[in-house]
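Work through the exercises below with the sequence and the structure in view. Each task is followed by a solution in steps.

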Amino acid sequence: MRSLRRKAALAAVVAAATTATLLAPGVSGADTAAAGTDPDILDVCADRRPGPADPGSYGMQLDGSFRHPALTPVDEGSDHPFPGLNAEYDTRSYIKNMKVEAAYEGDAFTPDYFHSWQNIVDFDGRRYLFQYGRSEGRVYDITDVKKIKVVERLSRKDVGGDETRANGDWAAHDYWGASTIQWNRKLNAYVMVQSFESKRQISELSDQPPGDKYNNPEGVRKVRAKPGLKGFKVYRLDGPRKKDWKLLTTVSTDATLANPVNTDPAKAQQGSGSIDVPHWTGEKYMFIATAPDDTWSGTEYPTNLHSAGYQSYDMSDPARPKLLDTWHLPGQRTGEDAAYRTNPRCGNRTSWMGARMPLFLPKPVEKGGRYAFAAMGGYGLTVLDVSDPSNMRTVSRLELPGSVAGTEGDNIDVSQYEKTGMIYFSGYPLTEDCYEPYKDVYQIDARDPKNPRVVGVLPRPTPPKAAGFTDYCQRRGSFGPKRTGYYTNPGTHSAGVLSYGFYNAGVQFFDVSKPAEPEISAYFVPKAYGAETAEYAYGNQTHGVYVEWDRNIAWTLTNHGIYALSARKVLGKPDLDAPSKPFRNSEF
């Protein structure tokens, strides 16, 4: 019966993608003023942005399930009520096969309501967790899981969050970018590589006309004129505090610069910068996601100016990174109109197209790894051969069913690839109350890298009977997968286990040891918000999970704090005290 339900679910996904077009008639009547003045605002296809979904076409069904709209515009700020939606946010929590070992709430444990990055380091027998998002950073001593201590708080709140202004914690234009931290044998120390990228939440442009990039040339000009590093910084870490960071080098990814090293952050730079957590394990090769200049423009999203591809670097000397290769898909750059026009999203003024994270590698190149997997939003999945990082080559591409609005391709979990040949591809929701197509986690059989194929989807989380509602769409807020954490976690990833932050469905653990029969093995769904959560963030509930595989502790990141979770049946016996050995490098 389970197999039949899964086949029916997959058939429904494919059928919906086949019958629902990604192109809808233009509803704005907008012109293309910005496109006429800025050559790198693409005007390849006519404006076909989706109109609002018919309220009668989606909502609760007779069997208690929720039918998602087939196509929606970018609309993150509006309410979209439907019959059956809870009147209030749910302040109860739900749990299965897990235990809350500790919970920590408040501003000290919530650097950002919507997203944060995490890293772990060990110094002098103590374990530290970093949680941060640009100017807001926290350092915790988590050696004793039940009694963690706040070691350092970094902020720019006293200057209104203005990154162009210095304060007691930050120099002007400096912040804490998405990082990988690995032990480097040459330096006999931790080395941290931080991404510096264009800010995604901006005031100069808006989602709809006349404020979007297609109709607001002045807004586009202001975004391009913003000062700041677009690239990455490399630090040696001599301790867990910011004062222990020693800057080794600053590298711009702006391809128009004659010298990319130690550039002036008070001046504007082209491109996106290095996006999200760089892929580097402390050895020779590093891979980043980036758009090196403003001609990398092939994206429909109304406030994003760049479509990122990938670069590879030689990090033999962390103080002197050397660019090896730059890769992109046809259609991502200005002038590649014919290729761009073949994408059915062309003109929808809605889809994020291009990389949102660096390449996903199941095995480091230095250890014999050959293939890397790319999640590129509306461009789908690409398999690359990176065995020679100076010559990254396309092996294959796979178009995934369209899912507009929302982010279509953000994350690929490759932790099971060496064991089963399966990878897990997903986007994530951007709107609340399920006002967009559901973001499935696709099971992709990549045992033949030249011919990857969708073979299933992970089961959709459903609330327990005690909840009093039958679908998480009713719980209010965003619902869908975010990410499975990062490759930077300490310890070896457990075979057959995937963990996803799932927004209003909390953290969900999946048993994929039998790929044909995946199931939800454990979950923890916390309350929707805390006493200090701003009301506008109530809907962004659980946005991350970061697992210490060596201590079997899952740190869950929410809009009101962090939880330390154990799951004996899934992860094994938890170690709540100091780890038996320090984290040094990511394990695969």
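**Exercise 1. Find the handedness of the link between cysteine 434 and cysteine 473, then place both residues in the chain.**

Solution. Begin with the torsion: the value about the S-S bond is -90°, and the link of cysteine 434 and cysteine 473 is left-handed. Next, locate the partners. Cysteine 434 sits in the loop between β21 (422-428) and β22 (442-445), while cysteine 473 sits in the loop between β23 (453-457) and β24 (497-501). The two are 39 residues apart, and the pair links distant parts of the chain. This is a predicted model, and in it the sulfur atoms of cysteine 434 and cysteine 473 lie 2.0 Å apart. That distance is within the 2.5 Å cut-off for a disulfide. Last, check the surroundings: cysteine 434 is buried at 3% relative accessibility, and cysteine 473 is buried at 1%.

**Exercise 2. Determine which handedness the disulfide of cysteine 45 and cysteine 346 has, and which parts of the chain the pair ties together.**

Solution. The sulfur atoms of cysteine 45 and cysteine 346 are 2.0 Å apart, and the two residues form a disulfide. The torsion about their S-S bond is about 105°, so this disulfide is right-handed. Cysteine 45 belongs to the loop between α2 (33-37) and β1 (59-60), and cysteine 346 to the loop between α4 (337-341) and β17 (371-375), so the pair joins parts that are 301 residues apart in sequence. For burial, the limit is under 20% relative accessible area. Cysteine 45, with 14%, is buried; cysteine 346, with 2%, is buried too.

**Exercise 3. State how many disulfides there are and what pattern they follow.**

Solution. The count comes to 2 disulfides. With the bonded cysteines counted along the chain, the pattern is 1-2, 3-4.

**Exercise 4. For the salt bridge of arginine 483 and aspartate 410, decide whether the residues are buried or exposed and where they lie.**

Solution. The side chains of arginine 483 and aspartate 410 meet in a salt bridge, with an N to O distance of 2.8 Å. Arginine 483 is in the loop between β23 and β24, and aspartate 410 is in strand β20 (residues 407-413). They are 73 residues apart, so to place them one has to look at distant parts of the chain, which the pair links. Both arginine 483 and aspartate 410 are buried.

**Exercise 5. Describe the salt bridges of aspartate 122 and aspartate 317, and state how many salt bridges the structure holds.**

Solution. Aspartate 122 pairs with arginine 127, the closest N and O atoms being 3.0 Å apart. Aspartate 122 is buried, with a relative accessible area of 7%, and arginine 127 is buried at 0%. Aspartate 317 forms a salt bridge with arginine 320, also listed at 3.0 Å from N to O. Arginine 320 is exposed, at 57% relative accessibility. The structure holds 42 salt bridges.

**Exercise 6. Find which residues call for caution when the model is read.**

Solution. The protein chain averages a pLDDT of 94, and 94% of the residues score at least 70. Over residues 1-34, however, pLDDT stays under 50. For this stretch the model has 65 contacts beyond four places in sequence. Where pLDDT is low, the predicted coordinates should not be read in detail.

How values were computed: Residues are numbered from 1 along each chain as its sequence is written. This is a predicted model: local features need pLDDT of at least 70, side-chain atom pairs count only at pLDDT 80 or more; totals for chains, interfaces and linings use all residues. Side-chain values use heavy atoms; hydrogens and water are left out. Helices (H or I, at least four residues) and strands (E, at least two) are DSSP runs, numbered from the N terminus. Buried means under 20% relative accessible area, exposed over 50%, partly exposed in between (1.4 Å probe, protein chains only). pLDDT is the predictor's confidence in each residue, from 0 to 100. Contact means heavy atoms within 4.5 Å. A salt bridge is a side-chain nitrogen of Lys or Arg within 4 Å of a carboxyl oxygen of Asp or Glu.
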